[in-house]
Amino acid sequence: MRITLDELKRTSGGKSVSSFNKKFEEYLDIKPYFVDNGFYYLTRRNIYHIPAMEEQCITISNKFALIELDAAIKGFFIQLLLLSQYGNIELIKKNIIKAIGIDKKTYDKYIIKLVGADLVSITTPLTLHTENILLENDFSKQKKLSTKKVNKIVEIDDNGNIIIPK
């Protein structure tokens, strides 16, 4: 995608994205390019090559961006979605707080906002309303990695040891 950091900031709802490239450089292939727009200063943008999706991932509809919530609360909801799909835990308060690493007051504040946005129902276990938000993953349009990049991918075993392919 071709986007400026200011456009990314507006899209994500973040206050500052000045360190975006530094934070995500290990995950993205970032190539800068310039556009001659007729002004003295050329427009600088980046091309972000997003890697192929992993098997344990979720796809969220762009309708989620239209929901009026703070970015932190949306991030919390995405964490809940990931826990519900791949966390292998029951979505109760104690388990969620431990898995995500937040305090009880923050949990309560975020849950109240999510209930107000009709994204969560307070039941035991927690019920997430994912209609029109959580989409099916579509791997069919994924680009295949070149053999050069495939050789650089490493795996981590159950003990946390890095396995480098031969």
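Buried means under 20% relative accessible area and exposed means over 50%, with partly exposed in between. Keep those cut-offs in mind as you move through this predicted model.

**Stop 1: Ser-84**

Select Ser-84, which you will find in helix α3. Its relative accessibility is 34%, so Ser-84 counts as partly exposed. Now show its side chain: it reaches the backbone oxygen of Leu-81 at 2.7 Å. Leaving aside neighbours within four places in sequence, Ser-84 is in contact with Leu-91 and Leu-128. If you would like a distance to check in the viewer, try the C-alpha atoms of Ser-84 and Ile-96: they are separated by 10.0 Å, and the two residues are 12 apart along the chain.

**Stop 2: the rest of α3**

Widen the selection to residues 71-86, the whole of α3. This helix has 16 residues, and from its first C-alpha to its last it reaches 22 Å, close to the 22 Å expected at 1.5 Å a residue. Colour its buried residues next: Ile-73, Lys-74, Phe-76, Phe-77, Leu-80, Leu-81 and Leu-83. What lies over them? The cover includes the helices α4 and α5, along with β4 (59-60), β5, β6 (127-128) and β7 (134-135). Pause at Lys-74, whose charged end sits over the ring of Phe-64, 5.6 Å from the ring centre. Then step past the end of the helix: α3 is followed by Asn-88, which has a positive phi, near 55 degrees.

**Stop 3: the aromatic pairs**

How many aromatic pairs does a search of the whole structure find? There are 3. For one of them, select Phe-76 and Tyr-110: the ring centres are 5.3 Å apart and the planes stand at 55 degrees, so this pair is tilted. Phe-76 belongs to α3 and Tyr-110 to α5 (residues 104-116), so the pair ties together parts that are 34 residues apart in sequence. Both Phe-76 and Tyr-110 are buried. Add Tyr-107 to the selection and you have a cluster, with ring pairs linking Phe-76, Tyr-107 and Tyr-110.

**Stop 4: around α5**

Stay with α5 and show all of it. It has 13 residues and spans 18 Å from first C-alpha to last, close to the 18 Å expected at 1.5 Å a residue. Which of its residues are buried? They are Tyr-107, Tyr-110, Ile-111 and Leu-114. These four cover an arc of only 100 degrees around the axis, which puts them on the same side of α5. An α-helix has 3.6 residues a turn, so residues three or four places apart point the same way. Rotate to the other side of α5, and Lys-105, Lys-109, Ile-112 and Gly-116 are exposed. The buried residues of α5 pack against α3, α4 (93-100) and β5 (120-121).

Have a look at both ends too. Asp-103 caps the N-terminal end, with a side-chain oxygen 3.4 Å from the backbone nitrogen of Lys-105. After the helix comes Asp-118, whose phi is positive, near 60 degrees.

**Stop 5: His-129**

Finish in the loop between β6 and β7, where His-129 is found. Is this residue buried or exposed? His-129 has a relative accessible area of 19% and is buried, as the cut-off for that class is under 20%. Its side chain makes a polar contact with the side chain of Ser-121, at 2.5 Å. Not counting residues up to four places away in sequence, His-129 touches Phe-77, Asp-118, Leu-119, Val-120 and Ser-121. Two of these names have already come up: Phe-77 is among the buried residues of α3, and Asp-118 is the residue with positive phi that follows α5.

Note on methods. Residues are numbered from 1 along each chain as its sequence is written. This is a predicted model: local features need pLDDT of at least 70, side-chain atom pairs count only at pLDDT 80 or more; totals for chains, interfaces and linings use all residues. Side-chain values use heavy atoms; hydrogens and water are left out. Rings of Phe, Tyr and Trp (its six-membered ring) pair if their centres lie within 6.5 Å; planes under 30 degrees apart count as stacked, over 60 as edge-to-face and the rest as tilted. Helices (H or I, at least four residues) and strands (E, at least two) are DSSP runs, numbered from the N terminus. Buried means under 20% relative accessible area, exposed over 50%, partly exposed in between (1.4 Å probe, protein chains only). A charge sits over a ring if NZ of Lys or CZ of Arg is within 6 Å of the ring centre and within 35 degrees of the ring normal. The expected span of a helix is 1.5 Å times one less than its number of residues. The arc is that of the directions from the helix axis to the C-beta atoms. Contact means heavy atoms within 4.5 Å. A polar contact is a pair of N or O atoms within 3.5 Å; within protein, one must be able to donate a hydrogen and the other to accept it, and residues adjacent in sequence count only if both atoms are side-chain atoms.
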